[in-house]
Amino acid sequence: MIILFLFLQVDSLSLNQAIDYALAESPAYNESRASLSKVRIQFYQSLSNLLPTITTQARYTKRMILNLKAAYYKLINARELLKASEITIKHAQENLKLLKTKYKLGSASRLEKLQAEVFYLRALENKANAIMQEISAQEELKSILGIEHNICPTDSLTPPDSITLPALDSILAIIDRANFDIRSAQELTNIARTGLVLSYLAFLPKVSFFYGYSANTDSLIFDFQYYKDNHTTDYGISISLPLFEIKTLIFNWLTARKEYHIKKFSRKRVELESRKALRISYYTLKGAIDKLRYAQRALEAANEAATIAREQFRLGAISLLDLLQTEEDLYDAKVSFNSALENYYSQKANFSYLAGEFVLNKE
């Protein structure tokens, strides 16, 4: 699949395809993998099996995917805004053309013609803003994927039929084993605790067992039976006391002790910050859900109002100003709805990241 993307210059991607591509080709992710390999080398050098490499890698991967999702959602929103602005421009052109004709015939005032021109220019301005948003989203996504070609998202953001959030208390109850930041801090604390224990053990005498044999000869001969009959066997127990290293051991112990205390406080800080972030994200997501529902209803109402206003304007029942106002309200409703939809998906992804496996396994 990745090879196919390379030949196609990666111009059309679904969200899942973008994630797969990022995990295979993203420079930032490959840099993380190289750093992980370096840590593993240090792991084997130190003969320690306690380094938190797996958790660190998982945490980085989830963070990168979170950023990728946010950029992908922004790109979808920008393209939807561009479509909405083009539709508004089309309506503005029709209105302006009609008003110019009426103005020539003397059935429309100069003020009405100027109002139509202002609305048309404002629609062009909205399109320019949408283009800039798309460029920004494209560059952000290309930076994450490590590519030079623009992306055409094949996925779309659709309003969910129903949204049910798990109880906040149920998530907080398992956050210690679900949140990646907390798990990483816990493992670093375990490492510091092990280092402290090892610094204690360094004060103990070192006991070793040895066994060997040797043979002497005045000439170089290759008679294994001779060596077997004339060898001397040595074996015993060796005990060494670290008397000459006592100062170094004391400082190592003090350093390990302080490091353990630092990691304990750091873990507590991470736990508090993660719980705070989760609570904020939870209520932010709930707010995003409510905002999406209101924006969807407002868009439906604005669509209906615009349809009625166009018909009434053709019949001469309302003024141009009333028509332009409903057109502007419709565009603003589309912008609000698309922004609310993007915000919902972004907040959902952020909440899933903070809640860890609890929500990620549900999705």
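Biologist: Which residues form a nonpolar patch on the surface, with about 580 Å² of accessible area together?
Modeller: This is a predicted model, where local features need pLDDT of at least 70 and side-chain atom pairs 80 or more, while totals for chains, interfaces and linings use all residues. Residues are numbered from 1 along each chain as its sequence is written, and side-chain values use heavy atoms, without hydrogens and water. Patch members have over 30% relative accessible area (Shrake-Rupley, 1.4 Å probe, only the protein chains shown as cover) and no salt bridge (Lys or Arg side-chain nitrogen within 4 Å of an Asp or Glu carboxyl oxygen), with nonpolar side chains joined within 5 Å and like charges within 9 Å. Here they are V207, F209, I237, I239 and L241.

Biologist: Which elements give two or more residues to the nonpolar patch?
Modeller: Look for strands (DSSP E runs of at least two residues, numbered from the N terminus). The two elements are β3 (206-215) and β4 (231-240).

Biologist: Is I239 buried or exposed?
Modeller: I239 lies in strand β4. Buried means under 20% relative accessible area, exposed over 50%, and partly exposed in between. I239 has 59%, so it counts as exposed.

Biologist: What kind of pair do the rings of Y344 and Y345 make?
Modeller: Both residues are buried, and ring pairs link them with Y73 into a cluster. Rings pair with centres within 6.5 Å; planes under 30 degrees apart are stacked, over 60 edge-to-face, the rest tilted. With centres 5.1 Å apart and planes at 70 degrees, Y344 and Y345 are edge-to-face.

Biologist: Over which residue's ring does the charged end of K113 sit?
Modeller: The rule asks for Lys NZ or Arg CZ within 6 Å of the ring centre and within 35 degrees of the ring normal. K102 lies over the face of F313, 4.9 Å from the ring centre. For K113, at 5.3 Å from the centre, the ring belongs to Y103.

Technical notes. Helix = DSSP H or I, 4+ residues; strand = E, 2+ residues; numbered from the N terminus. Buried < 20%, exposed > 50% of the residue type's maximum accessible area, 1.4 Å probe, protein only. Phe/Tyr/Trp six-rings, centres within 6.5 Å; stacked < 30°, edge-to-face > 60°.
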